[in-house]
Each structure stands twice: as structure tokens, then as C-alpha cells.
Amino acid sequence: MITNFWLHPSLILIVGAFILPFLPKWLKRPYLIIVPTLAFLDVLSMQGQNGTFGVVRFLDWYLTFGRVDGLTMVFAYIMTLMCIIGTIYGLHVEDDFQHVAAWLYVAGSLGVIFCGDYLVLFLFWELMAFASVFLVWFRRRPESQAVGYRYLLVHTAGGLALLAGLVLRYQATGGDLSFGPIGVGSPSISTYLIMIGFLLNAAVPPFHAWLPDAYGEATVTGAVFMCAFTTKTAIYALARAFAGMEILVPLGVCMALYGVVYAVLENDSRRLLAYHIISQVGYMVAGVGIGTELAINGTCAHAFAHILYKGLLFMGCGSVLHMTGKSKFSDLGGLYKKMPRTFVFTMIGGLSISAFPLFSGFVSKAMIVSAGFEVHNYWAGFLLTMASAGTFLHTGLKVPYFIWFGKNNCSQETWDKAADPPWNMQLGMGIAAFLCILIGSYTPYLYNMLPYQQAAAEYHPYTAYHISETMQILLFTALGFFLLIKKLAPEPKISLDLDWFYRMGGRGFFWLARRPIQWADSCVSEGYRYVGLIPLMTTAQFWSWFDWNAIDGVVDGLAKTVRGVGGLVRRAQSGQLQYNIFYAVSFVAVALVLYVFA
Amino acid sequence: MILKLIDFLRDRLKLVIRLSYVGLALVVAWDVLFVSKEHAHTAVERIPGFWAVFGFIACVVIIIVSKWFGHRGIMTREDYYDN
């Protein structure tokens, strides 16, 4: 059924994930490194082999699992690489299912990256949502459950918009489901529905509140995975289908600034970083909207750089959370003496996201901003530059300052527990930090992977003008930070965001369910008791007498057997809904793999 | 090593701050005296030290506007969503 020999990297991760729980303990750590490395090597082996692979007939359709071209390769490369780094960072985690969930999640992303039609896209799109929610639930705090369900519901809503869009598109095009440029010149309702599905995963306001909600609550290692994959997969999908869609430029710019505003208010370090994902993804969304070759190159480059530096930042703040149990600025401070290496790694992430010369953001972000200026979209260029001042303000200055310096708000217990994290976490951060500097200092490494090679060759980030512009903006932002530092002192508060509507709306629904609906329900039950239950009980008593005296002797032996089997089944059923969903999702994934590749 | 360096700098905080101001001045001076503005996209960027002023104002505006916005009821107590 497969046209050529071509191995889908998702398949490696899915099969790898299902074998993991059955391995002996001593084999697990090497295995955890080998599987994502194999997926990465698999992607490397595809370089230069553009084409279509893994085409499968399903009913009347031909499903394309493997489309390989420049845009695919750059995303597949960084995602499999990040999977290695994330797994190394989480090597100490002994709960196998966290690794299984993370790998299935990455497999979902890679499935979207390689797919050639909307059906396959939808399938992997949903796998991503259902696998990643476990990275929230596995935190196992009481609130994790609620956050996970909210995350799942929001993503299901987005998935439905996407599905509705593709059904309409299927009708309109007479059965064309291929996933490519969607025709932004003449958008129809299906175009917008598909776009909403993508925008929700890219966390574009007003569909963004799930992101800080979930990423702030995910497990330490789970957040490292989540920050890399969902939004960037959505950016890939937008770049593939919606390049040049003009509405995305203002949306992206608003996003970039929205994230910055909320980051000022945020007291939790990981939620602050989550708001900065929204801000950074705003650049990419705007890049897709500009749609020129330089802009799409910039979008890919920025997504590539972003996955590494944001992963690094989440690893840094995650290390603090892992060691001290705290992630709020109002519970931390002055930790440089206890966690100096984590400070340096996080600082490298901070300098990269802020686009300091020699760090990765410098060579990627500027491409998008330049593309904006080149098409004479000056306000977009200036506002995005303003947002990058905000980026340095928070991620480069506020996060390191209020965790490692500033006023020491640590309790004695926090202070005693604080230390640099285990070796594997440091190694994960070290690799990401090295790559951040490599990308910034040696531009061909990243630029040679970009989809439009000629545009990439003509772009030079290291001009005197660009360096001078960046240094002035960043250093004078730092001046502003230190002058206004009192205003930025952490406040132990939360900020209401648009999730207020569905969180409080949900409560309204519960109130309705509790009061009027429950009242109606009890009326019905009461009526039933008189009309139905009393005669039923009388009949039952008779049968019970009959049973006791006549049938019991015969059936007794049989009943004992049934009870024994029932007991066994009950023990196998843990009764937790999450596990049931988990097994169901796993089962579907296995069935899918068997169907496609058997 | 990292620790020693940080402590070394913290012990001489006044000097570090002074040197930072000198650094800021040098960056602007370099821009005004040596950097060619032919790659500038717009006319305003030719103003000497434009991006320094832009960066500083951007930072101040972001902090003040965001805090103003936050204190209009957006920032609230941590147990707001608890039952």
C-alpha cells in the first residue's frame, strides 16, 4: 500500500510509545533517547527527497500521509529535534505514561506536518489535542483536572470548526480534500471556518485563553513539550494554506501586543512565558499574513528558533518549579546563589527571545519585521518592534530578575530545596542553549533549511544598521526597566482573561442544572415512585419468594461463577475517566497504524 | 565560577551602573557617528538615536498602560475562581 519505502516518523514514535511500558527498568533510559533519535534520523534521511509518499486508499479517497518539501522539512527537523531535547529533560520521570503521552502528542504534530490532505490532517490534529491533555492531567493537582477538561473542550470546539470547514469545502470543490494554498483571494465560509480551527490552535485572541491556562498547569516536562508543538503546528498549517491572507497581519500584531500586556501583569513565571508564546506566535501569524517569500521564510525561521528558546525558557522555569515547588515570583527571588546554572541557561533563552545579536531571535524575528517594512506596512513593522521591546522587558529582564535576584520572597523551605536540577535536565537545557547560540552566530545552519532558498540567501541580518537598531532598542528598554522596577514588583494576583466567559458561563450552566432542571427531575422521580416503583416492588417481592424457594438451588453454582468473573473485570476497571479515555485513544491509534501500514 | 562573577559584580554595583550608562552613551554615539542609514525603511529612522528613544518610550508605555489596564479590575485575588 505504500508507494515507495518511506517511514513516517510519527509511526516510530507511536510504536515506540506502546513498547515503552513493557520494557525492563534498566533498558528504559537508553530507549527513551533512542526512539526520538530514530525519528530525527528518519527526518534527516528525507532531506533532498521531495515528493509524495505513504498514499493510502480509504473508501473513495486517497489519503496522503507523507508530503515532503521545503516547508515540511524545516518543521519536521525542529520538531523531532525538540522531541529528543524534551525527552532528555524528562528522563528522570518514572511515570511511563507521561512519556507515552508526550510522544503521541509529537506524533500528532508530525502527522499534520507531513499530511497532504485534510482528512489526515484532522485525524492527527485531534490526536494532538487528546494526547497533550494528559500532560496537564498528569500534574495530578485537583485543579489540573478542571484545566485539562477546559483545554479539551476548547480544542474540541476548534476541531469542530475545522471539521465543519472541511465538509463545506469538500462540497464546494466537488470532493477536493488536498491540503495546500486555500485560495485566500476569494475566501468563502469554509475558508474562514478552517482558518478559525487553525487560529484557535495558534492561540490567536479571542481564541487564546486555553494556552496560559493549560501551560501554567501542565507538568514540568509536559509544558516543555506543549510550548513547542501545538502553536507551531498551527503556524505550519497557516503557512501552508493561508499565506498572504491579509487579515492575519492585524491579528498577528494585536496578538504580539496582547501577550506583552498580560505578561506585565502575570505573577506566575510559567504563565508569563505562556503569554509570551502568544506574543511570539503573533509575529509568525503576521508573517503568514504578509505572505511574501521573505515573510514565509521569516515565519519558518522564527518558529524554528522559537521552539528552541521557548523550550529552554520553560525548562529553566520548570527546573525552578521542579526543585522548589514554586513558580510564582511572589514566592521566589534571590536564587542565583542556589541555582546559578539554571540562571545562565534561562538567560540564554531570554537573550534569544529578545533577539540580541549572536542569539537565535536576532536572525529570525528581524526577517518578519523586514518583510513588513518591505511591503510598506509601516505600522505593522513599528508595532512589532515595540512588542519586541516588551519581550526583552519580561522574558529577558523580569523573569531572571525576580527569580534569581530582586527581593528574596522564598520561604525557608523553598530556599533549602533550591539547587540546580538533576544532570539530565541540565543537559536538556545545555543542548537547547547551544543551539540558540549556534543559530544566532552561524546563520547558514538555519537559513539553508528555509523553504525559499533564494530569498534566504539575499537576506543578511548582520548589518551595522540592524545591530545598532537592535542594541539601542534593547538597552534603552533595560534602562526603562530599571527606572520603573518598583512598578513591576510582583503582585500575588491573577489576571482575568477571556476564559472568564466560559468559566463563569459554565457555572451558570451548572446553576441551571442544579436548580430548575434538578427540580423538574425530582418532580418526575417522585411521580415515578408512586406510579411505577410501588407496584414494581410488590411484584419483585413475589419473584424473590419464588426465587428463594424454587430456583436458587439450581442457579447457585452458576451465580458464584458469574460473581467471580465480575469481580475480576471490576478490578481491571480503574474507574477513572482519564484512564478510560487514554486507553480508548491508544486503542484508536494502534488500530489506525495497523490499518494503514499492515 | 558563575557565582563568583555575579558576586564580584554585585560588590561593585555602583561601578557597574556607571559603566552601563557609559555603554548606553557609546551605543548612541556609534549610531550617530558611524552607522549608515541607507538601509532605513522610513524617514523618521534617520533621526539620530531614533531607536534608543523608541525603545525607551516603548518600554515605559508598555509598563504604564498594562498596569493601568490591570488595575481596572483585570487583576484580582488568586482564589477568584474557587468556589
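Biologist: Starting with α14(A) and α17(A), are those two helices oblique, or roughly parallel to each other?
Modeller: This is a predicted model, and in it α14(A) and α17(A) are oblique to each other, because their angle of about 55° falls outside the ranges that count as roughly parallel, roughly antiparallel or roughly perpendicular.

Biologist: Which residues do they span, and how far apart are the axes?
Modeller: Helix α14 of chain A covers residues 360–374 and helix α17 of chain A covers residues 423–441, and their axes are 6 Å apart.

Biologist: And which residues make the contact?
Modeller: On the α14(A) side they are A:S360, A:F362 and A:V363, and on the α17(A) side A:C436, A:I439 and A:G440. By class, that contact of α14(A) with α17(A) consists of four nonpolar and two polar residues, with no charged ones.

Biologist: What about α6(A) and α7(A), at what angle do they pack?
Modeller: Helix α6 (residues 142–173) and helix α7 (residues 189–201), both of chain A, pack at about 155° with axes 7 Å apart. Angles over 145 degrees count as roughly antiparallel, and α6(A) and α7(A) are therefore described that way.

Biologist: Left-handed or right-handed crossing?
Modeller: The crossing in which α6(A) passes α7(A) is left-handed.

Biologist: Which residues meet there?
Modeller: From α6(A) the contributors include A:G158, A:G159, A:A161, A:L162 and A:R169, while those from α7(A) include A:I189, A:S190, A:L193 and A:G197. The class breakdown for the contact of α6(A) with α7(A) is 11 nonpolar, six polar and one charged.

Biologist: Switching to the two chains, how many residues are in contact between A and B?
Modeller: There are 41 residues of chain A in contact with 37 residues of chain B. Elements of chain A that each supply at least two residues to that side are α10 (248–265), α13 (340–353), α15 (378–404), α20 (464–483) and β3 (494–495).

Biologist: Which one gives the largest share, and what classes make up that side of chain A?
Modeller: The largest share comes from α20(A), with 14 residues, and the side of chain A that touches chain B has 26 nonpolar, eight polar and seven charged residues.

Biologist: β3(A) was in that list, so what does it pair with in chain B?
Modeller: Two bridges join β3(A) to strand β1 of chain B, residues 75–76, and the two strands run antiparallel. Within that pairing, A:I494 has B:T76 in β1(B) as its bridge partner.

Biologist: Last one, how is chain B divided into domains?
Modeller: The domain assignment gives domain 1 as 1–35 and domain 2 as 38–75, and the C-alpha centres of these domains of chain B lie 23 Å apart.

Technical notes: Residues are numbered from 1 along each chain as its sequence is written. Chains are lettered from A and ligands numbered from 1 in the order in which they are written. This is a predicted model: local features need pLDDT of at least 70, side-chain atom pairs count only at pLDDT 80 or more; totals for chains, interfaces and linings use all residues. Two residues are in contact if their C-beta atoms, placed from the backbone, lie within 7 Å. Helices (H or I, at least four residues) and strands (E, at least two) are DSSP runs, numbered from the N terminus. Ala, Val, Leu, Ile, Met, Phe, Trp, Tyr, Cys and Pro count as nonpolar, Asp, Glu, Lys and Arg as charged, and the others, Gly among them, as polar. Two strands pair if DSSP finds at least two bridges between them. Axes are lines fitted to C-alpha atoms, for helices over the stretch in contact, and angles run from 0 to 180 degrees between N-to-C directions. Angles under 35 degrees count as roughly parallel, over 145 as roughly antiparallel, 65 to 115 as roughly perpendicular and the rest as oblique. A crossing is left-handed if the near helix is turned anticlockwise from the far one by less than a right angle, and right-handed if clockwise. Domain bounds come from an automatic or database domain assignment.
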